[in-house]
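Please look over the sequence and the model shown here before reading on. The report afterwards concerns the backbone at a few selected places.

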Amino acid sequence: MEKNNYTDLYELSIKDPDKFWAEHAKECHWYKNWDSVLDDSNKPFYKWFKGGILNTCYNALDYHVENGLKDHTALIYDSPVTNTVKKYTYLELRDEVALFAGVLDKNGVKKGDRVIIYMPMIPQAAIAMLACARIGAVHSVVFGGFAANELATRIDDAKPKIIVAASCGIEVTKIVKYKPLLDSAIEMSKFKPEKCIVFQRPQEKACMVSDRDIDWNEAMACAKPKKCVEVLAEDPLYILYTSGTTGQPKGVVRDNGGHLVALKWSMKAIYNMDRKDVFWAASDIGWVVGHSYIVYAPLFKGCTSVMYEGKPVGTPDPGAFFRVISDHKVKALFTAPTAFRAIKREDPEGEYLQKYDISCLKSLFLAGERSDPDTILWAEKKLKVPVIDHWWQTETGWGIAANCLGIKAMPVKYGSPTKAVPGWDLYVVDADSNMVQRGTIGALVVKLPLPPGTLITLWQNDKRFKESYLDSFPGYYETSDAGYIDEDGYVYVMARTDDIINVAGHRLSTGALEEVLADHADVAECAVIGVYDQLKGQLPIGMLVLNKGTVKNHEQIVEEVIKMVRERIGPVAAFKTATVIDRLPKTRSGKILRGTIRNIADSVDFKIPATIEDSSIINEMRDALIDIGYPKK
Ligand code: COA
Ligand code: AMP
């Protein structure tokens with residue numbers, strides 16, 4: 001860092017973003033330099049590094065192979081569920097990626113074509129992502145915990161030429177067969193991919209569809225390596241679908257140039273990671289954290305990235321994270337608070353931790369949901385390193401607010417992810433876009449342009465991009481998080497302003513869950529609410545109003561809707577509780593008062609809304625929630 005002062009750097013990034021980002025772009029490899037750092041000729045569609053030509057995979061791998069890191073470990077695959085540890089040097093990973101790029105090319109994948117990747121946490125997933133980047137294809141990774149229906153929706157939206165999948169995932173000891181899910185997704189989707197490339201894992205041999213399915217290993221055995229192709233900075237690198245307010249997910253699009261510059265810079269500025277350091281993001285490649293900090297950013301920086309196929313507990317015990325840190329000399333760990341709550345719950349005294357030397361660990365980063373102070377304090381006490389809460393979203397691709405360890409650590413205020421990261425012009429506004437006073441809660445918004453590395457649009461849907469993020473507060477990006485900024489500039493992220501809930505760090509739309517419940521033949525009306533859960537942060541519960549004259553018993557209907565969610569959204573929704581009620585609390589204009597139900601379930605003091613249709617329903621809700629165990633003791 002040229003300057004080592006947060007305030008100076010922050011001010012420079014806001015007042016002169018061209019100068020700030022051009023300086024960091026120089027640390028990346030470009031076949032041709034950009035014509036302009038920020039192009040704002042087509043607002044609100046900003047382009048970073050317009051005219052620049054580069055290749056993301058080259059920056060992640062080839063550059064390091066050619067600049068002294070050829071024999072340095074790029075990726076460590078650690079899988080307690082298969083008892084495997086496999087390391088790839090930068091050269092080995094580059095060669096595997098170049099070969100798989102050859103496989104894609106041979107099967108007709110060209111620059112701009114989409115490739116869906118439906119794989120568990122195995123190196124082949126990262127190899128497939130990087131191979132797409134190598135040939136300028138646009139990857140879209142779909143998380144393994146989603147059901148076939150969710151995969152089908154993404155196939156129809158992205159229209160992939162090819163799908164790359166694995167035969168199975170392994171959830172602790174359970175084999176999750178991916179291939180039947182893939183086959184039924186393709187059956188359901190209107191759009192049909194030409195080919196599927198399937199990595200057969202020894203734990204499960206998938207049945208192949210002749211003329212469509214290709215065996216990964218057979219294809220690699222006769223492939224010819226492909227060189228990196230040149231792409232424009234503004235060309236799409238990937239689409240990552242995330243929950244919107246309906247069952248139709250939003251296809252967040254990331255570019256190549258801005259993504260490279262911002263992520264490479266963030267590795268030092270936020271995480272304080274240098275070349276050759278070992279970084280571990282304990283997430284999944286199906287989520288944004290996996291894209292940004294398992295695959296791309298650590299490799300851009302020349303670090304070693306750990307890819308872990310396991311859980312914080314149960315694989316085999318709550319010492320699992322500490323074993324990995326110690327075995328691989330991890331310098332910084334990034335995970336969701338829920339992972340530490342799981343460890344703390346099983347090992348409150350930290351006895352498993354005592355078995356390992358984790359002196360290599362210098363910091364723990366948490367994100368994905370609000371970090372409760374209890375968990376932070378516990379982790380600080382046990383790990384004896386700074387625990388950094390930072391706030392970001394799938395859309396932003398990297399941290400909006402953080403304690404930037406690589407610039408200068410700031411004092412911690414529990415409950416706050418510290419201050420806006422350089423690049424983020426963050427404000428709190430009221431419904432009319434007026435700035436509110438410090439300490440007052442409002443909508444957290446970011447003044448446009450967003451920094452590089454953020455979403456450039458929604459896949460083939462500029463209109464939805466504008467409606468979802470830019471229309472409510474003209475000139476600003478709406479984060480859909482509510483919060484406040486205090487006198488010292490510390491940010492507090494309190495709650496979503498839409499119907500998104502966070503279950504074990506996984507983002508879900510209650511609207512999408514309601515769409516599934518409403519499809520049950522006996523359900524007339526329903527509401528899904530995210531209630532507080534000690535382990536997962538939030539859990540969805542369903543309130544069902546049945547059609548008049550329904551004769552089926554209630555337990556059976558509840559069982560059926562739970563099954564429907566599992567089949568249509570996936571196990572990741574963790575939807576296990578629903579109840580039948582006579583009516584839902586509504587305003588006089590007919591709006592369901594979901595917040596009121598949530599307050600009762602969470603035992604939070606609240607005022608009965610003045611607009612409520614009939615306040616006697618509050619007691620009915622209370623009784624119904626008690627029946628299903630809420631509020632929790
Ligand atoms: N493929 C298939 N199924 C999957 C899956 C995958 N990749 N990931 C999760 N699932 C399934 C699980 O097996 C589970 O199924 P079940 O209902 O049959 O038990 C369900 O989805 C819920 O999984 P999960 O959310 O992982 O909950 P859990 O109870 O198994 O574990 C934690 C709880 C806290 C240990 C776990 O959620 C965790 O490690 N979280 C870390 C958070 C994280 O990585 N967040 C990403 C953003 S940083
Ligand atoms: P996702 O897109 O899955 O990363 O989820 C993004 C959402 O998670 C944000 O909009 C927030 O609501 C929530 N979130 C992420 N990180 C934090 C954090 N550090 N504190 C509070 N909420 C967070």
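The following paragraphs describe cis peptide bonds and positive phi values, with a short table.

This is a predicted model, in which local features need pLDDT of at least 70, side-chain atom pairs count only at pLDDT 80 or more, and totals for chains, interfaces and linings use all residues. Residues are numbered from 1 along each chain as its sequence is written, chains are lettered from A and ligands numbered from 1 in the order in which they are written, and side-chain values use heavy atoms, with hydrogens and water left out.

The peptide bond that leads from Lys43 to Pro44 is cis, its omega being near 5 degrees. Pro44 belongs to the loop that joins β1 (36-39) and β2 (47-50), where strands are DSSP runs of E with at least two residues, helices are runs of H or I with at least four, and both are numbered from the N terminus. A cis peptide bond is also present from Tyr630 to Pro631, with omega near -5 degrees, and Pro631 lies in the segment that follows α18 (617-627).

Two residues other than glycine have a positive phi, as the table shows.

| Residue | Phi | Loop between |
|---|---|---|
| Lys329 | near 60 degrees | α11 (320-328) and β18 (332-335) |
| Ala504 | near 50 degrees | β28 (500-503) and β29 (506-509) |

Is Lys329 buried or exposed? Lys329 is exposed, because its relative accessible area is 54%, whereas Ala504 counts as buried at 16% relative accessibility. Here buried means under 20% relative accessible area, exposed means over 50%, and partly exposed lies in between, for a 1.4 Å probe and protein chains only.
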